[in-house]
Amino acid sequence: DVSARAHEAGLYVIGRLVIFNDPTAAIRKPSMAVWDTATEAPSESNNQYFLDPTDPDARAYALSLATEACSMGVDEIQFDYVRFPDKRSETAVFDGGVTQEVRIEAITSFFDEAIAALHPLGCAVGADVFGFTTKAEDDGGIGQRWPDILQLVDVASPMVYPSHYSTGWYGFDVPNDHPAEMVTNALQDGLSRMPRNVVIRPWLQDFGYTPDQVRAQIDSAEQYGLGWMLWNAKSNVTMDALEPRKSKRLASSL
């Protein structure tokens, strides 16, 4: 199988699993979805349909997928969209409520349950989190609070995409124009707020950037000795960014 062949090649296999943003499950089993009392249908925002993180069936469904993926031989289950929807209407209803206390408890307890289910099967547990969490003191309205999640998981992957930060972050009017500085600052904040030693493996922006801009982010991560991943929704990886440009190496030797 794929995992076996990857292991034979000496590769570490990560299974990325999107959890609560699940339009198929939300529409086919609306009892698990965030419900909109205005439309009397599963809540929708930006073509996203979220399962309710406080709903026991939604959580059990997510964990069953993770267990199945782990049994297929991957080394790490990387949970993505383990959060509340960042945009939700006033009429969106959650089984357990949606206060900050409820949000944080729902997300941290999910990771507790994931660890209990997956560690005995030999899988590490990873968490994709919004980039702002490395600095924010609160949960940003989505249930992700950096120190709380790092207290539990084996791997944390902040999505430190410069384009996702608004004006003013780290003193920049247009954060997207400063890939190296944004990633450096975000990771510096995250590393300074770790409650325990875990693997930090950031997602870096590989869309709307030149190879040099992608490489600048990689260099920022590697200055801290960190591994990294490149995100492009179409999986079009900028191969030219994977090694420093020859012209730069030649220039530095002159």
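## Salt bridges across the chain

In this predicted model, the side chains of Arg-16 and Asp-80 come together in a salt bridge, with 2.8 Å from N to O. Arg-16 sits in strand 1 (residues 14-18) and Asp-80 in strand 6 (residues 76-80), so this pair ties together parts that are 64 residues apart in sequence. Why can such pairs form? Side chains of opposite charge can pair when their charged atoms come close.

How exposed are these two partners? Arg-16 is partly exposed, at 36% relative accessibility, while Asp-80 is buried, at 6%.

Let's move on to the helices. Glu-113 forms a salt bridge with Arg-59. Glu-113 belongs to helix 4 (residues 100-118) and Arg-59 to helix 3 (residues 56-71), so the pair links distant parts of the chain, 54 residues apart. Glu-113 is partly exposed, with a relative accessible area of 33%, and Arg-59 is buried, with 9%.

Strand 6 comes back in another pair, Arg-201 with Glu-76. Arg-201 lies in the loop between strand 10 (199-200) and strand 11 (203-205), and Glu-76 lies in strand 6, so parts 125 residues apart in sequence are tied together. Arg-201 counts as buried at 12% relative accessibility, and Glu-76 counts as buried at 0%.

Here are the three pairs side by side.

| Salt bridge | N to O distance |
|---|---|
| Arg-16 and Asp-80 | 2.8 Å |
| Glu-113 and Arg-59 | 3.1 Å |
| Arg-201 and Glu-76 | 2.9 Å |

Salt bridges can also share partners: Arg-215, Asp-219 and Glu-222 are joined into one network this way. How many salt bridges are there by this count? The count comes to ten.

Notes
Residues are numbered from 1 along each chain as its sequence is written. This is a predicted model: local features need pLDDT of at least 70, side-chain atom pairs count only at pLDDT 80 or more; totals for chains, interfaces and linings use all residues. Side-chain values use heavy atoms; hydrogens and water are left out. A salt bridge is a side-chain nitrogen of Lys or Arg within 4 Å of a carboxyl oxygen of Asp or Glu. Helices (H or I, at least four residues) and strands (E, at least two) are DSSP runs, numbered from the N terminus. Buried means under 20% relative accessible area, exposed over 50%, partly exposed in between (1.4 Å probe, protein chains only).
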